[in-house]
Amino acid sequence: MSSPAVTATPSETIAEATGRMREHKVGSVVVVDGARPIGILTERDLVRFAASGADASATKVSEWMTDDPDCVAPDVEVTEAWRSLAERGYRHIPVVRGDALVGIVSMRDLVRIAQIRPVDQALTDVPKGLAGVVVAETSVGDVRGQEGFYHYRQYNAVELAEKRSLEDVWHLLFEGELPTPEQRKAFVEEIRPLREIPTSVRDVLPAVATAGERFIPLDALRTAVSLVGYAGDFRPSLDLDHAALRADAMQVCAVIPTLVMALYRLNRGEAPIEPHPDLPYGANYLYMLTGEVPDPEKARAVEQYQITTIDHGFNASTFTARVVTSTGADLAAAVVGGIGALSGPLHGGAPSRALELLDHIGTADNARPFIENAVRNGERIMGFGHRVYKTDDPRSLLLRSVAERIRAGKVDFAKQVEQTVVQVLAELKPGRDLYANVEFYAGVVMDHCGLPPELFTPTFASSRVIGWCANILEQAARRSGRWA
Ligand SMILES: CC(C)(COP(=O)(O)OP(=O)(O)OC[C@H]1O[C@@H](n2cnc3c(N)ncnc32)[C@H](O)[C@@H]1OP(=O)(O)O)[C@@H](O)C(=O)NCCC(=O)NCCS
């Protein structure tokens, strides 16, 4: 607090009181009767006074002060004083001991303290993971964690993955509706040329693919996406209309699968493979890895995984992409931000780790001791637990059935391990409701379809970019509500 507080008496004039405020460079005077505060005259009162046009030398403080101000005691916690100011919209609170004024706390004092407060004593309570906090409204998609359900524009996402092509779902997210046959044809035609890597990016791609001592596909990808935006002269989203921003989004979504595979091959000293003009989405994806037309069952399995991961409410990477867009930055910047968030092992980096887990466990007998030991050592079991789902993750159920359908080599073992992990987590982490998430069977499916573990997270990114872009388009369209 500031002590002593600057004071005035009720019978003084406004001119005298404001003169004192100016002299002491304060925004309020406490009006006292002896030592007892009976009112407060603040900048807010003075604005009202000025608007009245009255004469400051002929008007008494008592006529414009706020009577009986809320006060705090000198020994209250700073957080309490902050709450009083914030909740009631005040900027100054007199501090009293008994009846006597001993000082004043102003917003300025608290901000000074806030800057040096240790971070573990946050002044306001922010729910973990922003649970329940409305950060934006969206009609792209949402997750109902308790029900084990998520949707894309109100369509059950799992059903879409079962029945529709990836391009259909992409159309749904961008255009708001599933395509008619004519629209589908036009949409696929629109995508086809956009899958090609722009020439200026293609020229530097070998250097990007081999720049690191180790090959980290997502690092290479985010660099390449940044180049696509730069080479394509992507403008700030603030300056673009919907059609122009959509064009940038189409290009980035279409080219990312090509970039993923080209970077992987270039790093291994192999030439990139051009997209196949006639193959469906998943088949083309695998084709660009090997140059061979893949088994349609495997291609469809990968595509189904890609459909399930297109969007998932306000997950960390989607939130990131929206935050970047809210500043009016260009679309590539937002997608690069999304890739950065996705690269964390707790978000998109889990599928290869989940597969490694199976390898480490080795045999069904070893599952229980292995998992118990890991959990007791405070480790997280990759592919289990979810921020929102507190029941079975519907994506995990779908991918388990996909893994069974394609008779994935590791599926039986994975099912045994899943059971054990769920049991052990229920015993050692009771009440946390931890089940297999999307990543657990994703690794099993992708492994069986011939994708190397290094490409698991990039494959996640290859379709999640569609969800990011749908959110970016929506965020940009709501400029009035932007957070910048
Ligand atoms: C996804 C994840 C980050 C969600 O976390 P969250 O909902 O914020 O949950 P918390 O981090 O608060 O964890 C809650 C409790 O469950 C435990 N827990 C959560 N996931 C766990 C896991 N996979 N293995 C072991 N314990 C786990 C935590 O240790 C914590 O225990 P505590 O209360 O004794 O401290 C978390 O479940 C996780 O790290 N999973 C493994 C990584 C993964 O598979 N990621 C892919 C997500 S699709």
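These exercises work through the ligand site, one helix and some backbone features of a predicted model.

Residues are numbered from 1 along each chain as its sequence is written, and side-chain values use heavy atoms, without hydrogens or water. Local features need pLDDT of at least 70, side-chain atom pairs count only at pLDDT 80 or more, and totals for chains, interfaces and linings use all residues.

**Exercise 1. Describe the surroundings of the ligand.**

Step 1. Find the neighbours. A residue is near the ligand if one of its heavy atoms lies within 4 Å of it. There are 20 residues around the ligand, and Lys128, Ile381, Phe384, Lys429 and Arg432 come nearest.

Step 2. Sort the shell by class. Ala, Val, Leu, Ile, Met, Phe, Trp, Tyr, Cys and Pro count as nonpolar, Asp, Glu, Lys and Arg as charged, and the others, Gly among them, as polar. The shell holds seven nonpolar, five polar and eight charged residues.

Step 3. List backbone contacts. A polar contact is a pair of N or O atoms within 3.5 Å; within protein, one must be able to donate a hydrogen and the other to accept it, and residues adjacent in sequence count only if both atoms are side-chain atoms. A ligand nitrogen lies 2.8 Å from a backbone N or O atom of Ile381. A ligand oxygen is 2.8 Å from a polar backbone atom of Gly383. For Phe384, a polar backbone atom is 2.8 Å from a ligand nitrogen.

Step 4. Check the cover. On its own the ligand has 870 Å² of accessible area, and the protein covers 78% of it. Such areas come from the Shrake-Rupley method with a 1.4 Å probe; for residues, only the protein chains shown count as cover.

**Exercise 2. Decide how far helix 20 is enclosed, and examine both ends.**

Step 1. Locate the helix. Helices (H or I, at least four residues) and strands (E, at least two) are DSSP runs, numbered from the N terminus. Helix 20 spans residues 438-448.

Step 2. Assess burial. Buried means under 20% relative accessible area, exposed over 50%, and partly exposed in between (1.4 Å probe, protein chains only). Nine of the 11 residues are buried, so helix 20 is largely enclosed by the rest of the structure. Among these buried residues are Val438, Phe440, Tyr441 and Met446.

Step 3. Inspect the ends. Asn437 caps the N-terminal end, with a side-chain oxygen 2.9 Å from the backbone nitrogen of Glu439. After the helix comes Gly450, with a positive phi near 95°.

**Exercise 3. Pick out the unusual backbone geometry.**

Step 1. Set the expectation. Most residues other than glycine have a negative phi, and most peptide bonds are trans.

Step 2. Find the cis bond. The peptide bond from Ser3 to Pro4 is cis, with omega near -5°. Pro4 sits in the segment before strand 1 (7-8).

Step 3. Find positive phi values outside glycine. Lys25 has a phi of about 55°. Lys25 is in the loop between helix 1 (14-24) and strand 2 (28-33), and is exposed at 66% relative accessibility. Asp233 also has a positive phi of about 55°. The loop of Asp233 runs between helix 10 (217-231) and helix 11 (242-267). Asp233 is partly exposed at 46%.

**Exercise 4. Place Gly27 and Ser62.**

Step 1. Gly27 is in the loop between helix 1 and strand 2. Gly27 is buried, at 6% relative accessible area. From Gly27 to Arg380 the C-alpha separation is 53 Å, with their positions 353 residues apart in sequence.

Step 2. Ser62 belongs to helix 3 (residues 61-64). Ser62 is partly exposed at 34%.
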